[in-house]
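The following note concerns the ligand site and the enclosed space of the structure shown below. It is set out as numbered points for discussion.

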Amino acid sequence: MKGQLLTKIDNRTAKVAIIGLGYVGLPLAVAFAENGFHVVGIDVDQSKVEALNRGESYVRDVPSARLAPLVTVDKGVAAGTFRATMDYGALDDCDAAIVCVPTPLSKTKDPDMSYILAATDAIAQHLHSGMLVVLESTTYPGTTEELILPRLQHAHGCTYEVGQDFFLAFSPERIDPGRVDYTVENTPKVIGGITPDCLEIASALYGEAIEHIVPVSSTDAAEMVKLLENTFRAVNIALVNEVAIMCDKLGLNVWEVVEAAATKPYGFMKFTPGPGVGGHCIPLDPYYLAWKLKTLNYNARFIQLAGEINTFMPYYVVEKVGNALNEVRKAVRGSRVLLLGVTYKPNISDLRESPALDIIRLLEERGAIVSYHDPFVPHLKLDGEMRSSVMLDEGTLAAADCVVVTTDHDAYDWPWILGRAELVVDTRNATDGLRGQARVVRL
Ligand code: SAJ
C-alpha cells in the first residue's frame, strides 16, 4: 500500500480530499491543486460549495482569480483541479483526506470535539485500503491517537491496520489570515505520524505543495508543537498586558518601555499591550492544553493566569474610560462613547472573541451610550441585537464624550481624529507622537 500511495503522490495521480473549506482548508486545497493534484473539497455548507464551484472564493487569502482556473467541469484537464461537494462519498476514490474543521471551546472552556468526530466518522464510512488521513485542526495532545485512530481501525465493520492498510498523521495548520509574507507554501509544516510509514507518506504528500517539511516523532508531539506556539503568544501577550498595568501604577509609559526593550537584538521578543485577546486561536488553543493536563491532574498555571489577565483587559479599559471621563467631570452613565475598530486585530473583518465586544457590553452595563465605527464591520449582532457602524465624521466625533481606540485599522486618519475628538482612550498607541485638540489617555 505504501509503495502504491507514494507512487501516486509522486506522479500526482493521488486524489486529495480537504474536509472543511475555511481559512485553513481552502488555501491548502488550492495549494495542492496548483501543484497538479485533483482536489475535492468537502464542506457541510452548501452555499460555500456552490460558490466555490462557481470559482468564487469567500476566503480573503484566496482571490477568486486564483481559484477559478482550478475549478473545472471537464475531468480531462491534465493540470490540477479543484471541485467542492457536500458528499463524503467523494472519499471513495480519494487517496488522502485532510481534516481542517473548527475546534472551538464549549461555554465551560472544554474542548468541543464535535466537528473532528463528525468528520472522522464520515471518513470511517468511506475508509478504504491505501488511504492517508491527516488531521490539521488544533487540538490537545493525544487526539489523533486516542480519538481518531480507533474510529478508523474499525471502520464500517472492518478491521484496518494503521501503517499497513491506511495511514494516519497530524499536521498543525499555521495559517495567519491576511498575512501575505508567509503562505501555505512557504510556512514550514510540522508533521507527526502514528507509524514511521504514516509520517513518510504524509511528508511526501505535503512535500509536493509545501517547501519545508518538519517531521517529528509522533502525532502527540505535532499536536503539542502547535499548542506551544499559541500558548507562547497568549502568555507573552498577558505578560505585556500586566506590564501595562504595572507601568500605569508606576506612572510610566508602557509603550516607551516596550519599544526600548525591543531594541535588545537578542533574547527579547516584542509584544504590545491591548484591550484583550481576540481571534479563533490565541484565546482558545491554550485551553486545549490545560484541559488535557487537568485529566492528568496537573494545573497548567501559566495558561490559567494568562487567561485571567487577558480576559481582565476589557475591564481595565472600561476603568480607564471611567477615570478619563471623571477627569472632565463626567459620569460614565449617560456619556456617549464611540469605539473605533471592533475586529480582533487590524485590517481584517473577523469579530471572533473580539475584546471590543466585551468593552461595549461593560460600558453599557455602566449606563454609557455606546456606538462603534469599523470600516470592515458595517453591521454586527451583539447578544441578539443588531448594530450598525456609525459614519465617522466631525459630528460623530464632536458628539462623543469619549472615543476609544480599540482596533487600529490602517484606514484611520489619526491626526484628523485627534483634531476633532474631545477625549480619546487609546488602547493601541495608535496616536503615539500625534497632537490635536483631544486629550489622550493611553493604556
Ligand atoms: N495581541 C496583543 N498583543 C500582541 C499580539 C497580539 O494584544 O503583541 C492581540 C491581538 O490584538 C489579537 C490577539 O492578541 O486580539 C491575537 O492576535 P494574533 O496576532 O496572535 O492573531 P491571530 O489570532 O490571528 O493569531 C494567528 C495565529 N496563527 C495560527 O494559529 C496559525 C498565531 O499563531 C500567529 O502567530 C498570529 O496569527 C500572528 O503571528 O499573526
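1. How do the residues of the shell around the ligand divide into nonpolar, polar and charged? In this predicted model, the shell holds seven nonpolar, four polar and eight charged residues.

2. The ligand is surrounded by 19 residues, and those that come nearest are D176, N230, R233, T272 and Y344. Two of these, N230 and R233, recur in the polar contacts described in the next point.

3. Side-chain atoms of N230, R233 and K345 face oxygen atoms of the ligand at short listed distances. For N230, an N or O atom of the side chain is 2.6 Å from a ligand oxygen. For R233, the separation between a polar side-chain atom and an oxygen atom of the ligand is 2.8 Å. For K345, the corresponding value is 2.9 Å. On its own the ligand has 730 Å² of accessible area, of which the protein covers 87%.

4. As to location, the ligand takes up the space of the second largest pocket. Domain 1 (2–217) and domain 2 (285–442) each supply at least three residues to the shell around the ligand.

5. A separate point concerns cavities. The count of cavities of 30 Å³ or more comes to one, and the volume of the largest cavity is about 80 Å³. Its lining consists of V24, L28, E136, E173, R174, I175, T183, V184, T187 and K189. By residue class, the lining of the largest cavity comprises four nonpolar, two polar and four charged residues.

Key
Residues numbered from 1 in each chain as written. Predicted model: local features only at pLDDT ≥ 70, side-chain atom pairs only at ≥ 80, totals over all residues. Heavy atoms only, no water. Near = heavy atom within 4 Å. Polar contact = N/O pair within 3.5 Å; in protein donor to acceptor, adjacent residues only side chain to side chain. Areas by Shrake-Rupley, 256 points an atom, 1.4 Å probe, with all protein chains shown as cover. 1 Å grid on protein atoms, 1.4 Å probe; cavity = no way out; pocket = protein on both sides within 12 Å on 5 of 7 lines; lining within 4 Å. Sits in = over half its atoms within 2 Å of the grid points. Nonpolar A, V, L, I, M, F, W, Y, C, P; charged D, E, K, R; others polar. Domains from an automatic or database assignment. Points joined across faces, edges and corners; volume = space filled by probe spheres on them.
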